[in-house]
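Here's a quick tour of a protein chain, set out in short bullet points. Keep the 3D view open and find each residue as you read.

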Amino acid sequence: MAYFYPDTAHTFNEYLLVPGYSSAECTPDRVSLKTPLVKYKKGEEPTISLNIPMVSAIMQSVSDDKMAVALATEGGMSFIYGSQTIEQEAAMVARVKDYKAGFVESDSNISPDMTLGDVVELKAESGHSTMPVTVDGSAHGKIVGIVTSRDYRLSRMSLDTKVKDFMTPREKLIVASKDTTLSEANDIIWDHRLNALPVVDEDDNLLSMVFRKDYDSHKENPNEMLDQHKRYMVGAGINTRDYEDRVPALLEAGVDVLCIDSSEGFTEWQKRTLKWIRDNYGDSVKVGAGNVVDSEGFRFLADCGADFVKVGIGGGSICITREQKGIGRGQASAVIDVAQARDKYFEETGVYVPVCSDGGIVFDNHMTLALAMGADFLMLGRYFARFDESPTARVNVNGSYMKEYWGEGSARARNWQRYDLGGKKKGLSFEEGVDSYVPYAGSLKENVAQTLTKMKATMCSCGAITIPEFQEKAKITLVSSTSIVEGGSHDVLLKDSVSTSAATYR
């Protein structure tokens with residue numbers, strides 16, 4: 001006879017945190033959100049820790065190199081999606097590792113034969129007033145000048161005026177060589193009172209730009225996720241099919257941590273993948289595994305050598321696995337069960353294997369609940385898909401701006417490896433994800449800052465200033481359906497509708 005779990009499976013929305021004693025020292029500015037990303041032994045420090053407990057999902061519509069840089073800047077980490085060729089994924093990883101903080105590839109470039117009208121149009125499109133002038137108008141062509149808002153007056157000049165007639169020419173430009181460090185570039189900017197500094201190679205080809213405004217921005221990001229060489233850190237997804245070719249390529253590109261991307265982690269295929277990595281690289285390569293929803297699945301992957309374990313099946317907003325296959329578990333119950341198994345495993349072995357809650361998070365308070373229930377960090381798809389930095393298009397749907405968002409189990413993703421069960425057939429027999437839209441929410445930086453502000457405030461309300469302390473002190477209660485309704489605004493007429501605001505979907 002089938003085994004029946006004695007308790008009902010619950011979601012995050014069915015719980016509330018009960019406030020605890022908060023001392024005078026328990027203030028948001030003292031809260032640390034640092035959390036382990038990979039396993040470590042008792043008495044030791046993890047080799048990689050996140051500065052904020054957030055990573056972006058291994059999804060085509062979420063995590064590319066642009067997202068990776070943006071999130072690493074804030075203290076989290078992206079996992080580049082693996083549902084692309086090995087060469088394409090490795091190239092994305094390499095771009096993140098090669099990215100020089102403060103050195104920006106220009107996306108507003110013009111040629112000498114373009115006109116003032118072209119400059120005005122490009123400024124309106126990009127929002128940038130500083131435009132390098134290259135021979136061919138490309139981002140890496142030979143630089144011949146620069147145009148800023150100080151070089152022209154719309155009220156006194158014809159829109160047909162050629163760029164070469166009003167640009168600041170090359171001979172009057174101050175530039176930096178490709179070997180210039182960010183500190184040296186900033187010194188040049190300040191010494192010469194520049195707003196922008198072109199960086200060129202030995203043939204005068206434009207490589208990047210350093211802007212005065214980015215100096216302050218860099219100083220404002222103390223949580224940046226940097227490796228020992230001061231490069232941004234990045235993760236990448238792998239599958240259980242081509243790992244013998246994909247893993248070496250990603251390591252060559254400089255990836256910091258890997259994660260097996262699969263809808264079900266309690267499988268022989270993940271065991272084989274982890275064994276191959278350990279046999280060939282030992283513990284030097286960090287790799288997470290999953291997904292599982294109970295203690296048995298966690299124990300299996302921990303024993304197989306996973307550096308962290310992802311929890312969650314069917315809880316994602318674009319996932320329809322539960323509808324299609326009838327498998328999964330309420331995300332809150334899954335996290336609680338697996339976190340308890342992690343603590344037991346730590347007691348027995350002295351090895352702490354972090355738990356990642358993946359899916360089922362709709363609101364900011366769900367994130368804090370997941371941490372209180374034992375998750376060490378959170379993998380988020382829909383949350384990050386709404387931002388400027390996600391790789392999808394921003395579209396206008398019925399008068400509202402939206403971002404495209406599709407699941408890795410959708411036909412659009414064509415990610416058959418993620419749902420592969422070892423057979424010879426290559427292709428999706430049926431969909432386990434949907435193609436959809438999510439409300440556009442603006443920049444990652446602003447939204448993440450607000451989320452973290454709420455998270456810290458909640459932890460202080462529970463008397464904790466670190467995540468481990470929060471997990472130890474948190475008091476959690478189930479709530480009735482009536483209590484859930486009571487938790488929002490009710491029995492009033494709101495002055496302004498916020499049903500489509502970014503806050504509703506945060």
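**The big picture**

Of the 506 residues in the protein chain, 51% count as buried. Keep in mind that this is a predicted model. The chain's secondary structure adds up to 15 helices and 23 strands.

- Take the contacts in the protein chain with a separation of 6 or more: residues 24 or more positions apart account for 65% of them.
- The surface that the protein chain exposes comes to about 24,300 Å², and 49% of that is supplied by carbon and sulfur atoms.

**The nonpolar cores**

- In soluble globular proteins, nonpolar side chains tend to be buried together.
- Here, the largest nonpolar core has 103 residues. Which of them touch the most other members? They are Met 77 and Phe 384.
- Leave aside residues up to four places away in sequence, and Met 77 still touches a whole list of residues, including Leu 37, Ile 48, Leu 50 and Met 54. Also among them are Met 225, Met 233, Val 234 and Val 257.
- There's a second, separate core too, made of 11 residues. Ile 110, Leu 122, Val 133 and Tyr 152 are among its members.

**A small sheet and a hairpin**

- Strands of a sheet pair through backbone hydrogen bonds, either parallel or antiparallel.
- One open sheet has 3 strands in the order 7-8-9, and the pairing is antiparallel. At its edges are strand 7 (131-134) and strand 9 (168-169), each of which pairs on one side only.
- Strand 8 (residues 143-147) runs antiparallel to strand 9, and 2 bridges join them. Look for Ile 146, whose bridge partner in strand 9 is Thr 168.
- Further along, 4 bridges pair strand 20 (residues 394-397) with strand 21 (residues 400-406), again in the antiparallel sense. Asn 396 has Tyr 401 as its bridge partner in strand 21.
- Strand 20 and strand 21 make a hairpin, with 2 residues between them. In the turn you'll find Asn 398, which has a positive phi of about 55°.

**Rings and charges**

- A pair of aromatic rings is described by the distance of the centres and the angle of the planes.
- How many aromatic pairs are there? The count comes to 14.
- Trp 276 and Tyr 281 are a nice example: their ring centres are 6.0 Å apart and their planes sit at 70°, so the pair is edge-to-face. An angle over 60 degrees is what earns that label.
- Is Trp 276 buried or exposed? Its relative accessible area is 17%, so Trp 276 is buried. Tyr 281, at 27% relative accessibility, counts as partly exposed. The cut-off for buried is under 20%.
- Ring pairs also link Tyr 40, Phe 346 and Tyr 352 into a cluster.
- Two arginines have a charged end over a ring. That of Arg 329 sits over Tyr 5, 4.6 Å from the ring's centre. That of Arg 394 sits over the ring of Tyr 440, 4.8 Å from its centre.

**A cis peptide bond at Asn 291**

- Asn 291 belongs to strand 15 (residues 287-292). The peptide bond leading from Gly 290 to Asn 291 is cis, with omega near 10°.
- With a relative accessible area of just 3%, Asn 291 is buried.
- What does Asn 291 touch, not counting residues up to four places away in sequence? Its neighbours include Ser 262, Glu 264, Phe 266, Lys 310, Val 311 and Asp 358.
- Now pick out Val 311: it is 20 residues from Asn 291 in sequence, yet the two are 5.1 Å apart in space, C-alpha to C-alpha.

**Two loop residues with positive phi**

- Arg 193 isn't a glycine, but its phi is positive, at about 55°. You'll find Arg 193 in the loop between helix 4 (182-191) and strand 11 (196-200).
- Arg 193 has a relative accessible area of 73%, so it is exposed. Exposed here means over 50%.
- Asp 204 isn't a glycine either, and its phi is positive, at about 70°. Its place is in the loop between strand 11 and strand 12 (206-211).
- Is Asp 204 buried or exposed? Asp 204 is buried, because its relative accessible area is 16%, and under 20% counts as buried.

Note on methods: Residues numbered from 1 in each chain as written. Predicted model: local features only at pLDDT ≥ 70, side-chain atom pairs only at ≥ 80, totals over all residues. Heavy atoms only, no water. Pairing = 2+ DSSP bridges. Buried < 20%, exposed > 50% of the residue type's maximum accessible area, 1.4 Å probe, protein only. Contact = heavy atoms within 4.5 Å. Areas by Shrake-Rupley, 256 points an atom, 1.4 Å probe, with all protein chains shown as cover. Phe/Tyr/Trp six-rings, centres within 6.5 Å; stacked < 30°, edge-to-face > 60°. Lys NZ or Arg CZ within 6 Å of the ring centre and 35° of its normal. Core = buried A, V, L, I, M, F, W, Y, C linked by side-chain atoms within 4.5 Å.
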